[in-house]
Amino acid sequence: MMNLLSSPAKSLSKGDVIQGFKSADLILKEIFPIQRAKDYGSAFRRFVKQFSGPLCNGSKVSEITYESVLWTNSDFQENLHVGLLEITTKGSRTKTNFVDPDFFPNLFKLDSVLHCLMKNVEASSKENPLEYSVLATLKAQIRTINDHLCNSPIAKLLNTSLHLLKANTINPALMDYERQLYALNPKKKNNQTSVIFRQYLFNYALTLPEHLEEKNKFKTNFLSSGKLKFKPKYTISTANGNYTVDSFQLPSILPTESLADTCFTCLQKSTKHQPAQASDIEKLIEVLKIVEQNDCTHARLLFARKPQDLIRYHVGNGLKELEQALGDYFPGQEKERLAIVRQFIDLCPTPIRNGKLISEMSFDSQIVIEDKPQTLAIKTYSKTNGKKKTLFYQLNLTKIADLLSPDGLLTVCLNELKNSSILHQQPSSTLSSLEVTLGYVANAEENEAIKHVFKSPLKKLSQRDFRLGFSELEDIIDAQKINTKAAKSQALRTFLNKHAGKINDKVEIKNCGFSTRISAGDERKAQKLIEPVDENGKVLPSPVLEKHLSLEELKKRYHEYLTQPIDAILDACKKEIANYKKLLDDLAPYTCTDQNGHYTYSMPAEVRDIVAENQLGQERRKGYSLSRTMLSRMREKHTKEVMLGAYLQHQLSLGITSRTYCLNKLELVPDHVKHWFPNTGTGMKDLFWSSVFLPKYILLVCFIRLAIKTTWNKDVIAILDRSNLPDSLPQGAFTIGGFKEKVSKHTKPVTIEPHEKELREVISFLIQHYENMISYGVKPDSLWDTPNSTKLSFLSGRTIDSFREHHILPYFRMELLAKHQINLRKGIDGDVIKSQMERNHGSLRVTARYLSHPIALLEYEANNADFQRRLETSVQFRDKKEKLKKYGFDPKNIDENLLIAPSENKDDLPKWFLLPDGSSCTDIFATVDKSKKDSICRGRLCHAGDGCQFNKVEIGVEEFVYTLRRQAYYLSRGMALLDKNGQEYFDEYIAPDMRFTFGLAKYVEFANPSLFKKAKGRLADA
């Protein structure tokens, strides 16, 4: 203080003033009560500021910010080794701020990490002033560590002498620091605080290569929104009390909604009622820490992925790698710990991508191996986005040994499957499902009937044996906690029917008279058609059940309903194509070259230097002087389009084998295509190739356009290559064709007309993309390959959903799009035969699956809606009139013409009144459909238009057998009927009867399952 009062102002520095004020406060604190000391101290500082002259550097005392020792929250303790640190700042009235180590008694050891950090900040700020807000944030964090975290790993790191610091202590300290940040302020955006702290720590203190290597390894626990990437903790109830799982110890395997998160949540709930063993939880955590801390990529991804994103490969590989780690770290305990992990992941209630729960699936274990299992190698294939990969499936015979005998039916079928797979492979998913089902049977306590079928030769089995066996099979399947019971039963019965032969050399196994009791329709959750949505993304109601003036109006409204989502998707595709063309136009000035291959746009030298420095920093991880602030200034000076052009030129000069790095890349993406490039590690890797190769979004758009135009399956479009397209686009119409591997047939050529400009543009893009791939030395297998992917990753659900959400489109997938199109463009009253030919279905029965999976929505709902309403109401009326009100049926819909009341018709109708479709004619001599030479009605107009007044429906088993027989006839003879009678006759006379037959069959199946099964059984025994 004496130095401050006795020295000329022009000989004093700002630091001298601070020390003088501090000395005065300390003297006042010793003499006076605290409040009076504060008042006297404030008066003294006002006196000095008011009457002192300029300091040595010309600044005024009034410009100095001073932190008083007398403040209530002051934690003053003189630091004899580290003095004041003077930081030059900008962005506030005060240009100089001080960091006084005296106010941080638990930190600022001489030559410590923190001391070196702040000395370097002090030196750097003289040339490049620091943002005041950044300094304030940094000081606040140092104070938080001093006040609340003085014994934490981060405080120890900051107090460690810089030259004695061990690199392996950095990341644990940073991890603990983020944990403490969250604990102190769980609702604050702690990500910003953590980023600033780490930025200054590594830029001004921890700059050695080994330090920067730790920086690159560190992964923050916060999302960009400031929230944690995971739940902070789980509380598991055990017999010894609550056990807290600290998620900060397992950050990479516990993201929100991951498999591990899902399982811990389930464990947390279940143990409230049934406490777990504390030792088991401790062993589980020890295993998970091994996965977290070591190079266990597959195991870590198993726990970190969302259950619905997992495939069997992920689970199998993760467990395999986990078993290896258990052997390395817990020798002798592998079996016990693996069982604990399996019990843990089996808790997951969400099916993986194939629709199965992990608990349903079995995996061969390297740990619990008693004898090497005997397997049967069956040639099979798997598909990824339509691309087929051939492999061998090893079916485990050891697990089903009790079901096998040398000449038994199952042995014969498996051998036949193996032999036939050489030429005709089954999907690997089918074989996996078969193996699982056989495993259920082998492990069941009561399996004598189905085991008898499996172990006996076919010649010793009767139809009754199969009925009893299949009934017991469904008992076994029904006891399993799975979601696909009907599919399991159907798959096994189909397998036997296909490979066993005929019962008594006469009857196929499928016609043995067995009727399943498990409804596949109840289990099937797949969407049948694409449902249009409004501007908020909400599904619009179907017009099927609306009141309409006529059937024609209903059909028109329903057609509009089905067309609406396709129009919306096409509009979205059109917008994306426009975005791509604009992107190409924006990039063209920077990618155009002259005859010598030189770029016509001369890039500014300082921009080229920035790009080069970016690459240097990525390669060496030192001398990396680029900052976001510097890049921001450069973008303001030269525009972000020029900066993007510079990176494009650099990438094109490197070729496809090298990668261009770009700090703050997101800022260079043009606004109209930002949704194409997610801000992730791999989301923007294709940005710098956008002028040469089609981005993912555009490949998806091209695929969608072809799917809508051709109605081909995804598999057909996925394998299109250059030979499927014309050498160059002609001015007139041209055709494209594909190949359907499943039936080994070429698709029917599709004509592209001159007016279809958007479609021609899509094909032009694909041709150019393919040729660019060739010019860069890539040999693509299909039109859809890119330098970075040959698996059509743009068809992933995530990419399609991103496309949908951006344009507010209804839910769809490529398979659903194909099914929707066949129903939109074809139908029973249209040209189902032509549809069969276009899609290369082996028979109309296959086409009918599309049409009953969704032909029902077109035929049964739209074409047949009036009939369905009247029939349903009438049947309820026939049972008990009181039910009308109970079930909400409208009495106005009662059609007396559909009823034959027993009181009016006491005698059974004569057989010759019964028509082939199961309905009856009450006046065969009516003149509805007969000429002068005909004595009776020909019966071709019974269901045409609004139907015949003499046609009645009496639902009984005998009559319904006729309906089922008529349905089978149409499925097998539809093409022959069309060829024989011609299109016009078919549409006028045959199609209406087909519609009625299919509609009645479908209605009875759901309205009266008992009658349906009886009729089906009688038909099978006939």
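## Exercises on a predicted model

Cys150 has a relative accessibility of 29% and is therefore classed as partly exposed. The structure in which this cysteine sits is a predicted model, and the exercises below work through its cysteines, cores, loops and charged pairs.

**Exercise 1.** Determine how many disulfides the structure holds, and describe the state of Cys942.

*Solution.* Begin with the whole structure, in which the number of disulfides is zero. Turning to a single residue, Cys942 takes part in no disulfide, and the nearest cysteine sulfur, which belongs to Cys948, lies 5.8 Å away. A disulfide would require the two sulfur atoms to be within 2.5 Å, so the 5.8 Å separation of Cys942 and Cys948 does not qualify. As a last step, consider accessibility: Cys942 has a relative accessibility of 12% and therefore counts as buried.

**Exercise 2.** Describe the chain as a whole, in terms of its secondary structure, its burial, its contacts and its surface.

*Solution.* Counting the secondary-structure elements gives 36 helices and 16 strands. Of the 1022 residues in the chain, 47% are buried. Among contacts with a separation of 6 or more, 67% are made by residues 24 or more positions apart. The accessible surface of the chain, finally, amounts to about 52,300 Å², and carbon and sulfur atoms account for 50% of that area.

**Exercise 3.** Which residues of the largest nonpolar core touch the most other members, and which helix gives the most to this core?

*Solution.* The largest nonpolar core has 77 residues, and those touching the most other members are Ile704, Leu766, Trp784 and Phe803. The element that contributes the most to this core is helix H21, spanning residues 551-591, which supplies twelve residues. To look at one member in detail, take Ile704 and set aside its neighbours within four places in sequence: the remaining contacts are with Ile569, Cys573, Phe803, Phe812, Met814 and Leu817. A second core, separate from this one, has 54 residues, among them Leu107, Val121, Ala173 and Leu201.

**Exercise 4.** Explain whether Thr660 is buried or exposed, and identify its polar side-chain partner.

*Solution.* First locate the residue: Thr660 is in the loop that runs between helix H24 (640-654) and helix H25 (696-710). Its relative accessibility is 2%, so Thr660 counts as buried. Beyond the neighbours within four places in sequence, the residues in contact with Thr660 are Gln615, Tyr647, His650, Gln651, Leu654 and Phe688. With His650 there is also a polar contact, which joins the two side chains at 3.2 Å.

For a second threonine, consider Thr89, which belongs to strand S1 (residues 85-90). Thr89 is buried because its relative accessibility is 2%, and its side chain is joined to that of Asn97 by a polar contact of 2.9 Å.

**Exercise 5.** Examine the backbone angle phi at Asn664 and at Thr711, and place each residue in the chain.

*Solution.* Asn664 is not a glycine, yet its phi is positive, near 60°. Asn664 is found in the loop between H24 and H25, and with a relative accessible area of 17% it is buried. Thr711, likewise a residue other than glycine, has a positive phi of about 60°. The position of Thr711 is the loop between H25 and helix H26 (714-718), and a relative accessible area of 3% makes this threonine buried.

**Exercise 6.** How many salt bridges does the structure hold, and how are the partners Arg179 and Asp176 arranged along the chain?

*Solution.* The total is 31 salt bridges. In the pair of Arg179 and Asp176, the closest N and O atoms are 3.4 Å apart. These residues stand three places apart in helix H7 (residues 170-184), which means that about one helical turn separates them. Arg179, at 22% relative accessibility, counts as partly exposed, whereas Asp176, at 11%, counts as buried.

Next take the salt bridge between the side chains of Arg722 and Glu771, with an N to O distance of 3.8 Å. This pair links distant parts of the chain, 49 residues apart, with Arg722 in the loop between H26 and strand S11 (734-736) and Glu771 in helix H27 (residues 757-775). Arg722 is buried at 15% relative accessibility, while Glu771 is partly exposed at 36%. Finally, a network of salt bridges links Glu474, Asp475, Arg493 and Arg517.

Conventions: Residues are numbered from 1 along each chain as its sequence is written. This is a predicted model: local features need pLDDT of at least 70, side-chain atom pairs count only at pLDDT 80 or more; totals for chains, interfaces and linings use all residues. Side-chain values use heavy atoms; hydrogens and water are left out. A nonpolar core is a set of buried Ala, Val, Leu, Ile, Met, Phe, Trp, Tyr and Cys residues joined through side-chain atoms within 4.5 Å. Buried means under 20% relative accessible area, exposed over 50%, partly exposed in between (1.4 Å probe, protein chains only). Helices (H or I, at least four residues) and strands (E, at least two) are DSSP runs, numbered from the N terminus. Contact means heavy atoms within 4.5 Å. A polar contact is a pair of N or O atoms within 3.5 Å; within protein, one must be able to donate a hydrogen and the other to accept it, and residues adjacent in sequence count only if both atoms are side-chain atoms. Accessible areas come from the Shrake-Rupley method with a 1.4 Å probe; for residues, only the protein chains shown count as cover. A salt bridge is a side-chain nitrogen of Lys or Arg within 4 Å of a carboxyl oxygen of Asp or Glu.
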